[in-house]
Amino acid sequence: MAAVRVEAVLAAAEEQEAEKRRSITVEKELELEFDLGNLLALDRNPPPAAALRGAGPRREALLQALARDNTQLLMSRLWELPAERAGGAGGPLVARLPEPTFRLPREKPPPRPRPPTRWEQFARLKGIRRRKKTSLVWDEQAKEWRRRWGYRRAGGDPARAWLAEVPAGADPEEDQFARLRREKRERVARNELNRLRNLARAHRAGSAVPAAPLHPTGHQDREELRRVARVARVSTASLGRFQPRLPKEPAEPPSRSGGKKRRFEPLLGNLAAERSRQLELLRDMGSKKPVLDITRAVNKQMRQEEAEAAAHKGKKQSQRGKRGRRQQRPGRSGKKSGARRQQKQQKPAGGGTGG
Amino acid sequence: MRPLTEAETRAVFEKLGKYIGENIQLLVDRPDGTYCFRLHRDRVYYLSEKLLKLAASVPRDSLIAPGTCFGKFTKSQKFRLSVTALDFLAPYAKYKVWVKPGSEQSFLYGNHVLKSGLGRITENTAQYQGVVVYSMADIPLGFGVAAKSTQECRKVDPLAIVVFHQADVGEYVRNEDTLT
């Protein structure tokens, strides 16, 4: 019995080995197309019909088998590539991938052309065109070709400027060298300022909503149209504060931060101002209460009725004692008369508030 | 910690107004100092200016409770008044309910007040009006909402609820770990 079991185990193990070896080779009708630069394998074989229909474990199993087969083919191709050891003899084996042939679409949108700077606008107006400048300039003093700017530039040697003439209308005490240095610094600063301004203008222009979506086409979705409507509303002289809203358009409260972040009052701000604001809020809330509260008026009237009824009941009993049954007063303490009187009282009150 | 926004202040004042009416002015505008409301972790606190300045120097994570907690804003931004505000509601309460000694304990355990436990009630209390509940010795026990107006209270049967329980001082023991 033990021998039979051992044989069974060995047979199972051999079966498994054969299975493993079999699974490396994959049979396909059409060869796959490979783009090893992108680690891409394209399978143009029609998938088994059961893998397309419906859902279920059978479909999952088929799809899994398909994926495994294709991955196996890709892996075997990758192993065929020329490989080398990275980082010396003991490093990992690295395959050298060929150039990718499959053109992938752009990940990000193409860059927008930046708006022209002030100089560019002026030059376009005037028709000034760029003149190509030579990179080397003839330096008369050094009698050689020197570069236009940079190391050993033509005319840039500071030792050469040993004389600075006092111009005609200037103050004789003024230091000319200092003046020249100061002016250069100012020019550099102005240039930098203009460059930053141009950059800011370009950045601002890029982030604003471009004009094209403002014209309605038939293919815009709701969010885009809502955004465009908001931009159109705000594009008035008073920034949309007095624009009438359509019947079903929801009222949007203006956010000073432009919809970015909630801002709160400072923690220890002006406490007196805060107090006065709260008192004003209380006054507003108090003033909205209705002047005449119908239920309370009714309750008050009922109370009065009951009080009168109680008083008269007491009086009636004492009176009866004196005069007897002749002077029985018509039922003033009944519920009916009280209700009738309350209704009579209520109507003018209701009419008063209605009118 | 931050001041309350306009909407939050309105919600708080409306809730407080149900119990103390226009006496909120006395809380906002006090002769003995500047007091203000501040929001810290969704709870509304009432504190003096001096305490505010001290609390402002405590880091937000370490700060547990600046001043007196009046209540908290729930997740859907509704304001819920808590029992810790009782000290400020009781002196200014407009509508009061006195509870008989026998059913004090029941109220302090969180039950509603029945007609049989009702001692006195302020005249012309409307239905669903906020009321402050006292014991017969004029000790504030908590607050609630009147289930019946004063008129109806007189006519209703003894086991009917007359005041819905909202908060009581027994919560200091029951909900010790959640109160701030």
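Which residue in β9(B) is the bridge partner of Lys96(B)? Val132(B) takes that place, and the close-ups below work outward from there. Keep in mind that this is a predicted model.

**View 1. Strand β9(B), a mostly covered strand with two partners.** Strand β9 of chain B covers residues 130–135, and six of its six residues are buried. Gly130(B), Val132(B) and Tyr134(B) point one way from the strand, while Val131(B), Val133(B) and Ser135(B) point the other way. Both sets are buried. Strand β6 of chain B, residues 96–99, pairs with β9(B) in the parallel sense, with four bridges between them. The Lys96(B) and Val132(B) pair from the opening question belongs here. Strand β10 of chain B, residues 140–146, also pairs with β9(B), this time antiparallel and over five bridges.

**View 2. The hairpin of β9(B) and β10(B).** Four residues sit between the two strands of this hairpin. Among the things to look for is Asp138(B), which takes a positive phi near 60°. Across the strands, Tyr134(B) stands opposite Pro140(B) in β10(B). That same Tyr134(B) is one of the buried residues of β9(B).

**View 3. The open five-stranded sheet of chain B.** The strand order reads β1-β2-β3-β4-β5, and the pairing is antiparallel. At the edges are β1 (2–3) and β5 (79–81), each with a single partner strand, so one side of each has no neighbour in the sheet. As a reminder, strands of a sheet pair through backbone hydrogen bonds, either parallel or antiparallel. Helix α1 of chain B, residues 6–20, lies across β1, β2 (35–40), β3, β4 and β5. If you care about the angle, α1(B) runs at about 35° to β5(B).

**View 4. Zooming in on β4(B) and its two neighbours.** Strand β3 of chain B (residues 43–48) and strand β4 of chain B (residues 68–73) pair antiparallel over four bridges. Tyr46(B) has Thr68(B) as its bridge partner in β4(B), and Val44(B) has Gly71(B). Gly71(B) also stands opposite Leu81(B) in β5(B). Three bridges join β4(B) to β5(B), again antiparallel. The two strands make a hairpin with five residues between them, and Gln77(B) in the turn has a positive phi of about 65°.

**View 5. Two buried cysteines, no disulfides.** Cys36(B) is buried, with a relative accessible area of 2%. Cys69(B) comes in at 3% relative accessibility, so it counts as buried too, given the cut-off of under 20%. Don't go looking for a disulfide in any chain: the structure holds zero of them.

**View 6. Where chain A meets chain B.** Chain A brings 19 residues to the contact and chain B brings 30 residues. Between them the two chains bury about 2,300 Å², with 65% of it on carbon and sulfur atoms. On the chain A side, Leu267(A), Arg275(A) and Arg303(A) lose the most area to chain B, together 24% of what that side buries. The rule finds two salt bridges across this interface. Arg275(A) turns up again in a salt bridge, where its side chain meets that of Asp29(B) at 3.8 Å, N to O.

How values were computed:
Residues are numbered from 1 along each chain as its sequence is written. Chains are lettered from A and ligands numbered from 1 in the order in which they are written. This is a predicted model: local features need pLDDT of at least 70, side-chain atom pairs count only at pLDDT 80 or more; totals for chains, interfaces and linings use all residues. Side-chain values use heavy atoms; hydrogens and water are left out. A disulfide is a pair of cysteine sulfur atoms within 2.5 Å. Buried means under 20% relative accessible area, exposed over 50%, partly exposed in between (1.4 Å probe, protein chains only). Two strands pair if DSSP finds at least two bridges between them. Contact means heavy atoms within 4.5 Å. Axes are lines fitted to C-alpha atoms, for helices over the stretch in contact, and angles run from 0 to 180 degrees between N-to-C directions. Buried area is the accessible area (1.4 Å probe) that two parts lose on being put together, summed over both. A salt bridge is a side-chain nitrogen of Lys or Arg within 4 Å of a carboxyl oxygen of Asp or Glu.
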